[in-house]
Amino acid sequence: MKTHPRITRRIRRTAITGMVCTTLLLSRGFVMAAETLSFDQAVTDTLVLNPALQVFGYTLRAQDGRILQAGLSPKPELNITVENVLGTGVAQALQGAQTTVSIAWVLEGDLRQRRINVARLGSLALAADAEVMRLDAAAQTARLYTDALAFQLRKDIADQAVQLAAETVSAVQQRVTANISPSSELARAQAEHARRTLYREDFDHETLAAYHRLAAQWGEIDPQFSRVAGDPLILPTLEPFETLMDRIEQSPDLTRYLSETRLQEAVLQLERIQRRSLWRFNAGVRRIESSSDMGFVAGVTIPLDRGNRNQGRIDEARANLEQTTALEQASRVRIQTTLLVVYLELEHSLHRADVLRNDVLPRFELALTEIRRAYDLGSASYLEWLQVQDELLDVSSELAETSVQAHLKLIEIERITGMQITQSTPSK
């Protein structure tokens, strides 16, 4: 199934302005192995192959048919009339027959052009809807890509936990062999290692499921990649809130109402014109059988308009126009409020990630080094060492989850504004 040309023409612009997001996008300019998926490739495949976008392409094609139909004028009518036949006297049989052949047509004035305008504006409104759909599809791909990155990061932390458990088993084994520690400590260390290994295996299944959900965005059942590129721990710098507020007016969610307003205004004008009935003209020739004479005939049909027979449709069109204006205002308030809330949440997530990375995590890493030295010297117990390991892993997980949440909030802001707003900072 091919994507409709209208969608294909706008893919490049959408891939740039439509949200192509965040820090995940560390994959840009990065040379990837064949089995590693980059973010840019994921978005491009979505915009080209997403099943929902392909379905909407047929809606655009249908609108092209409406434009074609609106430009067709009413066909003229051929009328044949035979009078004064099969009667009596001079009208007996066909002797006094009068045969009239005429052509009738409707005078549309500018009605046809009004119909064309409505159909074309309907096409623009659909194109605006298509832009929003592409933005939604790209945003959803970014979310799923982030989920896949998050599971990869959780696997890395789980690998770290398994490695720490293996080092602990080795250290405890040496102390038990030297009769310094009881064998129960070794059993507990081995059990902890097995538990962390099992926990690590859970992420293999969850990561694979995340890859399948991501690949479904471009219609694939079996992912053709085994890893996604990027590091969610690399956080971006963010533009001022006032700058983002200015960009709202150019977001597809609001610009679509501009196309919808123009469409409703054109529909209202069309309905007002259609309240007047159309004149019909006819012209032709008449043959008089009795004398074999020919004559020209012409006529006009003038509707006797009494009242506005299209008032209901005019009121409906006016109400639809006013509704579009009200929806635009309501949407603007909702978008501004959402942007403010998400921006505040994002600022807090970035602050938490910064504190965890620079103030909390290094101290726990230092504590782990010191407690390991103390354990080797016999001044710290196995439980104290295990507790510090757990605290370090908890902070690593907290930093990972905070960073992932920051990326998800960035995606929402870019979805609202309709464009990329971030630049990643170098990895610390």
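Okay, one definition to get going: when I say helix or strand, I mean a DSSP run, H or I over at least four residues for a helix and E over at least two for a strand, numbered from the N terminus. And the model up there is a predicted one.

With that in hand, take Gly-71. Where does Gly-71 sit? Gly-71 is in the loop that links helix α4, residues 51-70, to strand β2, residues 77-83. Its relative accessible area is 27%, and since partly exposed covers what lies between 20% and 50%, Gly-71 falls in that class. Which residues does Gly-71 contact, once neighbours within four places in sequence are set aside? Those are Arg-112 and Ile-116. Then there's Gln-113, which is 42 residues from Gly-71 in sequence, with 7.2 Å between the two C-alpha atoms.

Let me zoom out for a moment. The protein chain has ten helices and eight strands. Of its 428 residues, 41% are buried. If you take contacts with a sequence separation of 6 or more, 79% of them join residues 24 or more positions apart.

Now for α5, which runs over residues 111-177. That's 67 residues, and from the first C-alpha to the last the helix reaches 99 Å. The expected figure at 1.5 Å a residue is 99 Å too, and the two are described as close.

So what packs on α5? Let's do α4. The α4 and α5 axes come within 8 Å, crossing at roughly 170°. Anything over 145 degrees counts as roughly antiparallel, so that's what α4 is to α5. By class, this contact has 13 nonpolar residues, four polar and seven charged.

Next is α3, residues 39-49. Here the axes come within 9 Å, and the crossing angle with α5 is roughly 140°. Are these two oblique or roughly antiparallel? They're oblique, because roughly antiparallel needs an angle over 145 degrees. The crossing is right-handed. From α3 the contact takes Phe-39, Ala-42, Val-43, Thr-46 and Leu-47, and from α5 it takes Arg-134, Ala-137, Ala-138, Thr-141, Ala-142 and Tyr-145. Sort the residues of that contact and you get eight nonpolar, two polar and one charged.

Now follow α5 off its C-terminal end. Asn-179 comes after α5, and its phi is positive, near 60°. This is a residue other than glycine, by the way, so keep that in mind if you look at the backbone angles. Asn-179 belongs to the loop between α5 and α6. Buried or exposed? Asn-179 is exposed, at 69% relative accessibility.

Past that loop we get α6, residues 183-215. For its 33 residues you'd expect a span of 48 Å at 1.5 Å a residue, and the end C-alpha atoms are 49 Å apart, which agrees. How do α5 and α6 cross? Their axes come within 8 Å at roughly 165°. That makes the pair roughly antiparallel. The crossing of α5 with α6 is left-handed. In this contact, the classes are 19 nonpolar, nine polar and nine charged residues.

The buried set in α6 is a mixed bag of names: Glu-185, Leu-186, Ala-189, Glu-192, Arg-196, Arg-200, Phe-203, Thr-207, Ala-210, Tyr-211, Leu-214 and Ala-215. And what covers those buried residues? The cover includes β1 (36-37), α5, β4 (227-228), α9 (311-377) and α10 (382-417).

Two more spots and I'm done. Glu-365 is in helix α9. It's partly exposed, with a relative accessible area of 41%. Its C-alpha is 9.8 Å from that of Leu-393, and 28 residues separate the pair in sequence.

The other spot is Ser-251, in the loop between α7 (241-247) and α8 (252-273). Buried or exposed? With 0% relative accessibility, Ser-251 counts as buried. What does Ser-251 touch, leaving out residues up to four places away in sequence? Ile-416 and Thr-417.

That's my tour, thanks.

Technical notes
Residues numbered from 1 in each chain as written. Predicted model: local features only at pLDDT ≥ 70, side-chain atom pairs only at ≥ 80, totals over all residues. Heavy atoms only, no water. Expected span 1.5 Å × (residues − 1). Buried < 20%, exposed > 50% of the residue type's maximum accessible area, 1.4 Å probe, protein only. Contact = heavy atoms within 4.5 Å. Axes fitted to C-alpha atoms, helices over the stretch in contact; angles between N-to-C directions. Parallel < 35°, antiparallel > 145°, perpendicular 65-115°, else oblique. Left-handed = near helix turned anticlockwise from the far one by under 90°. Nonpolar A, V, L, I, M, F, W, Y, C, P; charged D, E, K, R; others polar.
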